[in-house]
Each structure stands twice: as structure tokens, then as C-alpha cells.
Amino acid sequence: MRIRLQVPLNGFGLQFDTVHLWLDRIIGRGNYAWHSGGVTAGRDCVVLYFRSTADADGFCSAFPELGLADGTCYPGYSSPALPFGRKAGEDEAVCNLYNVTTTQEAMRQLFRGFAFADRVGNLEPGSIYPDRRAPIIRHDGQALELVRARWGMPSPPSVLKTVRDPGVTNVRNTSSSHWRRWLGPAYRCLVPVTSFAEPLGAGNGNQWFAAADDAPMFFAGIEVRGWQSVRKVKDGETIDDLFAFLTTAPNATVGAIHRKAMPVILTEPKEWETWLSAPFEIAGKLQRPLAEDALRQIEHPI
């Protein structure tokens, strides 16, 4: 069993010794191996090999704060914590990293024809990773509001092996009964994005994409409020507002990097309004690839 971990932003530090002491005492020196795992989502990774799934599960339970680098298209990668219990290569995750630099004032101007409430406080630009809080635009009952929510909708209970639910970042099968409950206008949101990344695979980092004409972009999102779950074992149960966004077949620009999927991206005011307010029979038609000439490859996030 092989699992791939993201190195913490500030490195392992003193935790390096703690992890290796646990491995030596609980797993045994002859029952695991530790190697470099390349880079994904701009983060260094390490790879751990275990003789059994039980040992890998034990490690993940002992160190839940260490992020698993799932959905990275790494050859032969498998993990007890892969979403839906799948092995890599089976509908790999798409876009688990994006960047937002659109200012709050710019977003207000984009929706100046609507009642709009800004409730995010000071919004700093930067990269968004799974399970992080990020800005979304949603209904507040009477108007639109800009708020923060945690990236990752509730997972289907049938796929969870433990009480911990890391969340689902991308949603494609809108015919699933699990997702249908959140497809109405009251649960739809727009997720601001200025650029997004797809993994190049084999530890080669990411390819970034942005609008060809620098037009404003939003992911077509869904959200749920006040959801109680265990996102991290060390935090116990928390109550969060959660979101994810829809994916679809890739256009040629994205398909050259990720052959199976791309985010559903909305670039026109009419599309934004349709997504936020129309019945799903109409809004669901927006779940389609963006025009091929609407995106460009870029070297760094913007």
C-alpha cells in the first residue's frame, strides 16, 4: 500500500522525529519505506509504502493533520483515503487548486444591478486548497451575499470508512440522489476564480489556466450551510458552511492536460444569473465545457 503526503507548509520540523518514532514502534522498520514524492499543487510530497492497508489506515488515523495528496494522477498511487474509496486512474479529481485575486469591490461591481451584501471582511488574494475557507456568492433569502465557506461538500455516507469526512471538492454526477437535494437555486453559488491548476502528473507540478481575455470567471458551485461533521479528527465535530463546484468534460485546452474533466466555468452575466436563479432543467445546461478559445495556459497563477 502506497500513500502520498503533502509536506506541511513550514516543513515537518519536530514532527519528523515523532512520525518516524511512531513508524518504528508501531509498524516496524522492516514494514514501511519513506521516499520523496515529487511536487503537486506547488507542494513537496513524500511517499510512504506499507505492507498492508491496515498499517496505512493506522498511520492516517495517527496523523490526520498530514494532508494526503489525493487526486494527483500519480502512477500507481492508491490510498485508503481516496475520495469514494477509488484507486487513482478512476475519474481522478479535477482542479484541487485555484487562485482568487478578484477584489471585493470588483465583485460588487459585477453584480451592481442586484442587492449585494459583503460579509467576508478583509479578503486577501491567494491560492485555495481543499478544505480551506474561500469566498462564494450565494443567496441570503432576499439578496446576494459574498461570504466564506469551506471547500468540500459532504461525502455520500456509503463511501466513508471512518467518521472523518474530508469532503468532496468536485461534483459531476448531478443525477445522483446524494447531489440532487442541493441542485435547487437556494443551494447554488458562484465561486470566484482568476486561475486554476491541473496536475501534470508524475510529480511534475501543475499547469495553470486563466481566461483568454482576462474576463471575470466563476465556477458553478453548490453549497450547504451549518453542516455538522468531522473534517479533521483533531478538531472533532464542527459546524461549517460548505461548497463544491461542478465539473464536466474538458475542452481541448484543458483536455491536453487532464483528459477526463474540467470545472464548469461561467463567464457571462446571463450565465451567472441563470445559475443562481433558474430551475435546474435550465441551469443544468450550463454544465458543459467552456469554449476552447476562452482559456489560455499560463506559467504561474494570477
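## Strands β7 and β8

Two strands are taken to pair if DSSP finds at least two bridges between them. This report uses that sense of pairing for a model that is predicted. Strands β7 and β8 run antiparallel and are joined by seven bridges. R133 has R150 in β8 as its bridge partner, and P135 is bridged to R148 in β8. The two strands form a hairpin with four residues between them. In that turn, G141 has a positive phi of about 110 degrees.

How much of β7 is covered? Five of the seven residues of β7 are buried, which leaves the strand mostly covered. In strand β8, residues 144-151, seven of the eight residues are buried, so β8 is largely enclosed by the rest of the structure. Buried here stands for a relative accessible area under 20%.

## Other partners of the hairpin strands

β7 also pairs with strand β10, residues 188-193, in the antiparallel sense over two bridges. Within β10, C189 is the bridge partner of R138.

β8 has parallel partners. Strand β5, residues 116-118, runs parallel to β8 and is joined to it by three bridges, with F116 standing opposite L144 in β8. Strand β14, residues 237-248, pairs with β8 over two bridges, also in the parallel sense. There, W151 is opposite F243 in β14.

## The five-stranded open sheet

In what order do the strands of the open sheet of five strands follow one another? The order is β6-β4-β11-β12-β17, and the pairing is antiparallel. β6 (126-128) and β17 (295-298) are the edge strands, each of them pairing on one side only. With direction ignored, neighbouring strands of this sheet are turned by 30 degrees against each other on average.

At the β6 edge, three bridges connect β6 to strand β4, residues 98-100, and these two strands run antiparallel. Y98 stands opposite I128 in β6. The loop between α2 (53-62) and β4 contains L97. L97 counts as buried, because its relative accessibility is 4% and the cut-off for buried is under 20%. In sequence L97 and E198 are 101 residues apart, while their C-alpha atoms are 7.6 Å apart in space.

## The second largest pocket

The second largest pocket has a volume of about 210 Å³. It is lined by 15 residues, and the closest to its centre are F111, F114, L144, E273 and L276. One of these, L144, is also the residue in β8 that F116 stands opposite.

Which element gives the most to the lining of the second largest pocket? Helix α6, spanning residues 269-277, does so with five residues. By residue class, the lining of this pocket divides into nine nonpolar, four polar and two charged residues.

## Positive phi in two loops

Two aspartates have backbone angles to note. D131 is not a glycine, yet its phi is positive, at about 75 degrees. D131 lies in the loop between β6 and β7 (133-139). D214 likewise is not a glycine and has a positive phi, about 60 degrees. The loop that holds D214 runs between β12 (206-211) and β13 (217-230).

Are D131 and D214 buried or exposed? D131 is buried, because its relative accessible area of 16% falls under the 20% cut-off. D214 is exposed, because its relative accessible area is 55% and the cut-off for exposed is over 50%.

## Cysteines

How many disulfides does a search of the whole structure find? The search finds zero. For a pair of cysteine sulfur atoms to count as a disulfide, the two have to be within 2.5 Å.

C45 has a relative accessible area of 3% and is buried. C189 is also buried, at a relative accessible area of 0%. C189 is the residue in β10 that serves as bridge partner to R138, and it thus belongs to the antiparallel pairing of β7 with β10.

Technical notes: Residues are numbered from 1 along each chain as its sequence is written. This is a predicted model: local features need pLDDT of at least 70, side-chain atom pairs count only at pLDDT 80 or more; totals for chains, interfaces and linings use all residues. Side-chain values use heavy atoms; hydrogens and water are left out. On a 1 Å grid over the protein atoms alone, a cavity is a set of points where a 1.4 Å probe fits but cannot get out, and a pocket is an open set with protein on both sides within 12 Å along at least five of seven lines; lining residues have an atom within 4 Å of a point. Grid points are joined across faces, edges and corners, and a volume is the space filled by probe spheres set on the points. Ala, Val, Leu, Ile, Met, Phe, Trp, Tyr, Cys and Pro count as nonpolar, Asp, Glu, Lys and Arg as charged, and the others, Gly among them, as polar. Axes are lines fitted to C-alpha atoms, for helices over the stretch in contact, and angles run from 0 to 180 degrees between N-to-C directions. Buried means under 20% relative accessible area, exposed over 50%, partly exposed in between (1.4 Å probe, protein chains only).
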